[in-house]
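Trainee: Before I use any of these labels, I would like to see the reasoning behind them. Can we go through them one at a time?

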Amino acid sequence: MRAIRLSKAGGPEVMEVVAVEVPTPGPGHVLIRHEAVGLNFIDIYQRTGLYPLSYPSGLGREGAGIVEAIGEGVTRFSVGDRAAYGTGDVGAYAEAHVVDAGRAVRVPAAIPLTTAAAVMLKGMTAEFLARRVFHVKQGDAVLVHAAAGGVGLILCQWLQTLGVTVIGTVGDEHKADLARAHGCDHVILYRREDIVDRVKAITHGDGCAVVYDSVGKDTLDASLASLRRRGMLVSFGNASGPVPPVEPLRLSRGGSLFLTRPTLFDYVATTEELDDSAGALFALIQSGAIKVEIGQTFPLDRVREAHEALAGRQTTGSTLLIP
């Protein structure tokens with residue numbers, strides 16, 4: 001089968017398409033033949049070495065397809081089942097991948113496998129951000145950076161179901177229209193508008209209960225300044241680079257603020273948590289409350305181009321590799 005392999009960290013050029021043997025699932029594992037593979041910023045962090053890998057290595061943690069083989073002791077799946085995963089071992093950039101059966105979920109018949117591949121990691125991220133990291137309540141104002149991105153579009157829709165006022169930042173008018181169509185009540189064009197001034201105007205000077213920030217270094221100051229007293233900054237990504245150290249006194253002076261740097265893997269650490277998160281996500285998709293935007297697809301052999309587009313903020317919604 002074809003698979004992407006890396007021998008070192010670096011730019012998109014370090015990703016090579018190679019021919020490898022189809023793996024055999026060991027005890028407790030399943031082999032999933034992919035219909036689609038999801039791209040995420042964590043893939044870029046791993047490819048560049050920000051999140052180190054052991055080489056040689058595969059890449060990617062998210063995919064969906066059909067269970068082709070099962071290992072000894074697996075009762076959670078049968079051959080032919082529709083399955084998806086978002087927190088598997090690296091190696092999803094391939095025509096097939098072996099995954100721990102406890103890290104994969106069944107995909108309801110009503111949900112296309114391409115949708116599942118586009119939404120597992122991003123959708124479960126939106127789930128834990130909206131439901132568990134910070135308990136938003138009806139009437140709260142929240143700020144979502146990169147509102148037209150893969151996580152942003154899902155998160156804004158999820159927050160709308162909770163009755164909050166959703167403010168989103170985007171880079172251009174096209175992304176602004178997309179964000180509005182997916183749950184944003186107010187959109188800030190960050191290249192021409194001051195984020196903090198607009199947030200203060202929208203919230204009548206109060207600020208936001210929570211800021212969801214996947215951008216990182218470039219938005220830290222604006223995120224902290226956009227919070228209300230005792231508000232929380234949820235920093236969950238580094239698209240513009242790692243966030244510099246924050247002195248605790250800065251949080252105190254800002255209004256007894258909270259800062260957290262969560263990761264999905266700690267919120268779906270058990271199979272029960274994984275099933276609950278994916279179940280809540282699939283339920284909202286099936287109800288129509290969340291519409292999944294697949295902005296672009298790339299063949300597996302154009303993975304370098306896909307990474308360049310994702311890193312350059314030239315994508316909207318989810319991005320898929322099609323093996």
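Mentor: Yes. Keep in mind that this is a predicted model. Start with Tyr-45, which has a relative accessible area of 9%.

Trainee: What makes Tyr-45 buried?

Mentor: Buried means under 20% relative accessible area. Tyr-45 has 9%, so Tyr-45 is buried.

Trainee: And why is Tyr-51 called partly exposed?

Mentor: The relative accessibility of Tyr-51 is 28%. That value falls between the limits of 20% and 50%, so Tyr-51 counts as partly exposed.

Trainee: How do you know that the rings of Tyr-45 and Tyr-51 are edge-to-face?

Mentor: Their centres are 5.2 Å apart, within the 6.5 Å needed for a pair. Their planes stand at 65°, and over 60 degrees counts as edge-to-face, so the label follows. Ring pairs also join Phe-41 with Tyr-45 and Tyr-51 in a cluster.

Trainee: Why is the pair of Phe-128 and Tyr-267 called stacked?

Mentor: The centres are 4.5 Å apart and the planes differ by 20°. Planes under 30 degrees apart count as stacked, so this pair is stacked. Phe-128 sits in helix H2 (residues 113-133) and Tyr-267 in helix H8 (residues 264-267), and the two residues are 139 residues apart.

Trainee: Which of these two is buried, and which is partly exposed?

Mentor: Phe-128 has 1% relative accessibility and is buried. Tyr-267, with 23%, is above the 20% limit and therefore partly exposed.

Trainee: Now the charged residues. What makes Arg-2 and Glu-95 a salt bridge?

Mentor: The closest N and O atoms are 3.0 Å apart. The cut-off is 4 Å, so the pair qualifies. Arg-2 belongs to strand E1 (residues 2-5), while Glu-95 is in the loop between strand E5 (82-85) and strand E6 (96-100). Arg-2 is partly exposed at 29%.

Trainee: Why do you say that Glu-16 and Arg-304 tie together separate parts of the sequence?

Mentor: Their side chains meet in a salt bridge at 3.1 Å, N to O. Glu-16 is in strand E2 (residues 16-19) and Arg-304 in helix H10 (residues 303-311), so the bridge ties together parts that are 288 residues apart in sequence. Glu-16 is partly exposed at 40%, and Arg-304 is partly exposed at 35%.

Trainee: Are Glu-62 and Lys-122 buried or exposed?

Mentor: Both Glu-62 and Lys-122 are buried. They form a salt bridge with an N to O distance of 3.4 Å. Glu-62 lies in the loop between helix H1 (41-48) and strand E4 (63-70) and Lys-122 in helix H2, so the pair ties together parts 60 residues apart in sequence.

Trainee: Which residues do salt bridges with shared partners join into one network?

Mentor: Glu-127, Arg-131, Arg-132 and Asp-276.

Trainee: Last, the sheet. What makes strand E10 and strand E13 edge strands?

Mentor: The open sheet has 6 strands in the order E10-E9-E8-E11-E12-E13, with parallel pairing. Strand E10 (186-189) and strand E13 (258-260) each have a single partner strand, so one side of each is left without a neighbour in the sheet.

Trainee: How do you know that E11 and E12 pair?

Mentor: At least two bridges are required, and strand E11 (residues 208-213) and strand E12 (residues 227-235) have 5, so they pair, in the parallel sense. Tyr-212 stands opposite Val-234 in E12. H2 lies across E11, E12 and E13, running at about 150° to E12.

Key:
Residues are numbered from 1 along each chain as its sequence is written. This is a predicted model: local features need pLDDT of at least 70, side-chain atom pairs count only at pLDDT 80 or more; totals for chains, interfaces and linings use all residues. Side-chain values use heavy atoms; hydrogens and water are left out. Rings of Phe, Tyr and Trp (its six-membered ring) pair if their centres lie within 6.5 Å; planes under 30 degrees apart count as stacked, over 60 as edge-to-face and the rest as tilted. Buried means under 20% relative accessible area, exposed over 50%, partly exposed in between (1.4 Å probe, protein chains only). Helices (H or I, at least four residues) and strands (E, at least two) are DSSP runs, numbered from the N terminus. Contact means heavy atoms within 4.5 Å. Axes are lines fitted to C-alpha atoms, for helices over the stretch in contact, and angles run from 0 to 180 degrees between N-to-C directions.
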